[in-house]
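Work through the exercises below with the sequence and the 3D view open. Each task is followed by a worked solution.

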Amino acid sequence: MSVDMASERDLLSTEIVNNGIESSGPNAGSLTFSVRVRRRLPDFLQSVNLKYVKLGYHHLINNAIYLATIPILVLVFSAEVGSLSREELWKKLWFDARYDLATVLGFFGVFVFTLSVYFMSRPRSIYLIDFACFRPSDDLKVSKEQFIDLARKSGKFDEQSLEFQARILNSSGLGDETYIPKSVITSTENTATMKEGRAEASLVMFGALDELFEKTKVRPKDVGVLVVNCSIFNPTPSLSAMIINHYKMRGNILSYNLGGMGCSAGIIAVDLARDMLQANPNNYAVVVSTETVGYNWYPGSDRSMLVPNCFFRMGCSAVLLSNRRRDYHRAKYRLEHIVRTHKGADDRSFRCVYQEEDEQRLKGLKISKELVEIGGEALKTNITTLGPLVLPFSEQLLFFATLVSRHLFNKEGSQLSLSSGKQRPYIPDFKLAFERFCVHAASKTVLDELQRNLELSDENMEASRMTLHRFGNTSSSSIWYELAYMEAKEKVKRGDRVWQLAFGSGFKCNSVVWMSMRRVRKPSRNPWLDCIERYPVMN
């Protein structure tokens with residue numbers, strides 16, 4: 001019982017909040033404070049499930065035949081050849097070819113056949129040619145103070161709801177230059193209309209795609225695969241159909257529209273585009289990731305549904321992928337790994353981010369108080385599967401040995417020693433696997449807990465925190481704004497491994513790993529160019 005209580009206390013964190021000067025009541029005119037208790041991410045590296053490690057090692061076992069046989073063949077060949085002098089080797093090869101030509105030709109034929117089968121069976125490399133992130137115009141920019149003023153002028157929120165949103169914004173990590181759509185800024189009526197949703201989606205999607213096609217010099221008719229993801233707004237015809245109609249794309253394009261898949265859907269869209277490119281050689285694929293803010297604007301008083309109003313902001317990314325070998329030299333990145341985790345079988349995970357109506361039948365997105373804990377469990381599973389694919393062998397060996405020992409020996413004794421601090425399992429250092437980190441900019445609290453649990457440095461988290469500050473939570477496109485930040489800072493060098501990590505409703509946690517093909521210079525078009533010199537800022 002004491003062990004359970006100790007572990008429960010470890011998941012709680014406290015924070016003293018200054019509520020300002022009390023305006024009324026017995027304490028009027030005096031400063032008031034409150035203590036806020038939050039659930040932190042579980043220390044998931046302390047409780048890794050062995051079956052997820054096995055999933056990662058399964059990928060390695062698939063290629064084990066190459067890893068095992070090639071060194072043996074090289075050793076045998078080296079031992080045979082090393083015992084002969086150069087003259088003896090030449091003489092042996094000459095007489096063998098002269099008197100046993102059929103054997104030599106047969107061996108050569110088998111060698112060519114094996115080599116052909118190997119290269120033909122290998123999956124095609126997927127290259128990221130370039131990407132673009134939409135930057136809204138300045139007339140859509142709002143500060144935190146302006147946000148509260150707009151909410152007050154709309155007449156939709158009572159004073160308690162306004163105070164709650166103000167407290168959330170002050171601790172959110174957002175800056176004073178994020179963007180919200182005109183329908184929210186100027187309208188006192190319902191913003192969740194199909195007309196306003198289409199207008200916002202058109203603005204952000206076409207803005208990002210125009211920039212992408214301009215940067216890559218690729219014509220829209222050359223695109224063979226189109227994948228669009230937007231969680232909340234899913235009209236008929238679809239968003240992908242809107243893009244095809246606007247750019248007059250070709251009739252045999254393979255188009256897909258992903259809806260309701262949350263902030264991690266951008267990586268799911270990349271995974272789908274990869275599968276389509278593997279099945280369709282010599283093709284381009286475009287992945288568009290966005291979210292409509294105005295269509296899901298919540299005008300009620302349920303606090304769990306007011307939270308998304310405070311964090312979500314306008315944004316969109318467009319990514320051009322290719323499987324054409326001739327694009328090798330102009331590509332920025334090569335796709336290395338994608339690992340997807342879905343916790344939807346668990347009821348708590350399924351309902352932790354849930355779209356529904358409140359008691360007044362006002363539609364909104366309800367955020368559970370258990371979100372951070374549930375997100376930690378999904379992240380634990382995801383990185384445990386990813387680890388064997390990316391970590392150096394020394395890290396894998398230590399990590400795997402620790403897991404096996406904990407499962408073989410007395411679990412109860414291990415738990416007791418863990419709670420008393422006598423034994424701590426080996427935590428793999430993901431900084432040895434990646435040079436650049438793009439963690440979904442959900443909120444300051446989530447980023448703090450991720451940094452603590454993964455033992456990342458402030459520099460590792462810089463792109464995520466600055467993206468949250470400058471653009472807010474742009475949902476599935478946030479990981480691309482973070483990569484754009486790194487490119488604007490000229491931090492990406494040839495050979496750098498980039499880890500993009502996102503999580504969202506369902507509950508899902510997804511990872512994608514890219515390898516930089518070259519040193520990326522500061523782009524001519526980038527959403528950060530007008531403000532990059534001011535960053536990083538203290539947040």
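**Exercise 1: the largest cavity**

Sort the residues that line the largest cavity into nonpolar, polar and charged. The model is a predicted one.

Solution.
- Step 1: the lining divides into 7 nonpolar residues, 3 polar residues and 1 charged residue.
- Step 2: the lining has 11 residues, and those nearest the centre of the cavity are Leu150, Ala151, Ser154, Val184 and Trp297.
- Step 3: helix 6 (residues 144-154) gives the largest share of this lining, 4 residues.
- Step 4: the volume of this cavity is about 90 Å³. A search of the whole structure finds 4 cavities of 30 Å³ or more.

**Exercise 2: an aromatic pair**

Classify the pair formed by phenylalanine 434 and tryptophan 499, and state which parts of the chain it ties together.

Solution.
- Step 1: a pair of aromatic rings is described by the distance of the centres and the angle of the planes.
- Step 2: the search of the whole structure finds 17 aromatic pairs. In the pair of phenylalanine 434 and tryptophan 499, the centres are 4.9 Å apart and the planes make an angle of 25°.
- Step 3: planes under 30 degrees apart count as stacked, so the pair of phenylalanine 434 and tryptophan 499 is stacked.
- Step 4: phenylalanine 434 lies in the loop between helix 16 (411-419) and strand 13 (436-439), and tryptophan 499 lies in strand 14 (residues 497-504), so the pair ties together parts 65 residues apart in sequence.
- Step 5: both phenylalanine 434 and tryptophan 499 are buried.

**Exercise 3: charges over rings**

Find what lies over the rings of phenylalanine 131 and phenylalanine 471.

Solution.
- Step 1: over the ring of phenylalanine 131 sits the charged end of lysine 215, 5.9 Å from the ring centre.
- Step 2: over the face of phenylalanine 471 lies arginine 470, at 4.8 Å from the ring centre.
- Step 3: Phe471 also belongs to an aromatic cluster with Tyr179, Tyr481, Tyr485, Trp528 and Tyr535.

**Exercise 4: two helices**

Check the length of helix 11 (residues 265-279), then decide whether tyrosine 247 is buried or exposed.

Solution.
- Step 1: at 1.5 Å a residue, the 15 residues of helix 11 should span 21 Å, and the end C-alpha atoms are 21 Å apart, which agrees.
- Step 2: buried residues of helix 11 include Ala265, Ile268, Met276 and Leu277.
- Step 3: tyrosine 247 is in helix 10 (residues 239-247). Its relative accessibility is 13%, so tyrosine 247 counts as buried.
- Step 4: from C-alpha to C-alpha, tyrosine 247 and lysine 221 are 8.0 Å apart in space, and 26 residues apart in sequence.

How values were computed. Residues are numbered from 1 along each chain as its sequence is written. This is a predicted model: local features need pLDDT of at least 70, side-chain atom pairs count only at pLDDT 80 or more; totals for chains, interfaces and linings use all residues. Side-chain values use heavy atoms; hydrogens and water are left out. Rings of Phe, Tyr and Trp (its six-membered ring) pair if their centres lie within 6.5 Å; planes under 30 degrees apart count as stacked, over 60 as edge-to-face and the rest as tilted. Helices (H or I, at least four residues) and strands (E, at least two) are DSSP runs, numbered from the N terminus. Buried means under 20% relative accessible area, exposed over 50%, partly exposed in between (1.4 Å probe, protein chains only). A charge sits over a ring if NZ of Lys or CZ of Arg is within 6 Å of the ring centre and within 35 degrees of the ring normal. On a 1 Å grid over the protein atoms alone, a cavity is a set of points where a 1.4 Å probe fits but cannot get out, and a pocket is an open set with protein on both sides within 12 Å along at least five of seven lines; lining residues have an atom within 4 Å of a point. Grid points are joined across faces, edges and corners, and a volume is the space filled by probe spheres set on the points. Ala, Val, Leu, Ile, Met, Phe, Trp, Tyr, Cys and Pro count as nonpolar, Asp, Glu, Lys and Arg as charged, and the others, Gly among them, as polar. The expected span of a helix is 1.5 Å times one less than its number of residues.
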